[in-house]
Amino acid sequence: QRGVKATRPAPRPRRATRILGEAVPAWDVFVAACEAFESHAFSPAGVMKIYYIGLLARDGGDSQTLASAKELSKFGYFEKKSVGEFMEFTGKTLVERTTPGTMQSVKEKEYMVHSHVKMDDFGGVVITDLEYPKRVAYSLILKCIDEF
């Protein structure tokens, strides 16, 4: 309509995530994961696909999700929430069970879950289809971790 001017909402206070004692703005964490996700994930139908990318920090036995991105368009409306929760749970569990400094891949039905945990207990998870190459998945995880 004429005469209506769009205004930008007031900025919200920025939350910070603690990574090894250092405060990192939560928005920066999310943006880094999304940029890496967008550059690799969206592919034409019938081509290898990435469904989930997560960056996690381990603290003792538990891990916290710092940033994640999901591509759930393949799933129906009523399935999206449970599939997303399952992906987060699977990624979190795999990072907790991966020895620091190693990479690990696990097949779950028609998906592959790739994880890499660095020596500083900072890790990443990528959930892909079975055709996605392991080497490329690990490279993506390392790129996300380095850019983060």
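I will talk about one pocket and a few salt bridges in this structure, which is a predicted model.

Let me begin with the second largest pocket, which holds about 190 Å³ of space. Its lining is made up of Phe75, Val83, Phe86, Met87, Glu108, Lys109, Glu110, Tyr111, Val113 and Ile127, and the elements that contribute two or more residues to it are α2 (80-97) and β6 (111-117). Helix α2 gives the most, with 3 residues. If we sort the lining by character, we find 7 nonpolar residues, no polar ones and 3 charged ones.

One of the lining residues, Glu110, brings me to the salt bridges, of which there are 5 in the whole structure. Glutamate 110 pairs with lysine 74, and their closest N and O atoms are 3.4 Å apart. Because glutamate 110 sits in the loop between β5 (102-108) and β6, while lysine 74 sits in the loop between β4 and α2, this pair ties together parts that are 36 residues apart in sequence. Glutamate 110 is partly exposed, at 44% relative accessible area, and lysine 74 is also partly exposed, at 45%.

Helix α2 takes part in a salt bridge as well, since its glutamate 88 meets lysine 70 at 2.7 Å, N to O. Lysine 70 belongs to strand β4 (residues 62-70), and the two partners are 18 residues apart.

Finally, lysine 118 and aspartate 146 form a salt bridge at 3.4 Å, N to O. Here the loop between β6 and β7 (122-129) is tied to helix α3 (residues 134-147), 28 residues apart in sequence. Lysine 118 is partly exposed at 26% relative accessibility, whereas aspartate 146 is exposed, at 58%.

Conventions:
Residues numbered from 1 in each chain as written. Predicted model: local features only at pLDDT ≥ 70, side-chain atom pairs only at ≥ 80, totals over all residues. Heavy atoms only, no water. 1 Å grid on protein atoms, 1.4 Å probe; cavity = no way out; pocket = protein on both sides within 12 Å on 5 of 7 lines; lining within 4 Å. Points joined across faces, edges and corners; volume = space filled by probe spheres on them. Helix = DSSP H or I, 4+ residues; strand = E, 2+ residues; numbered from the N terminus. Nonpolar A, V, L, I, M, F, W, Y, C, P; charged D, E, K, R; others polar. Salt bridge = Lys/Arg side-chain N within 4 Å of Asp/Glu carboxyl O. Buried < 20%, exposed > 50% of the residue type's maximum accessible area, 1.4 Å probe, protein only.
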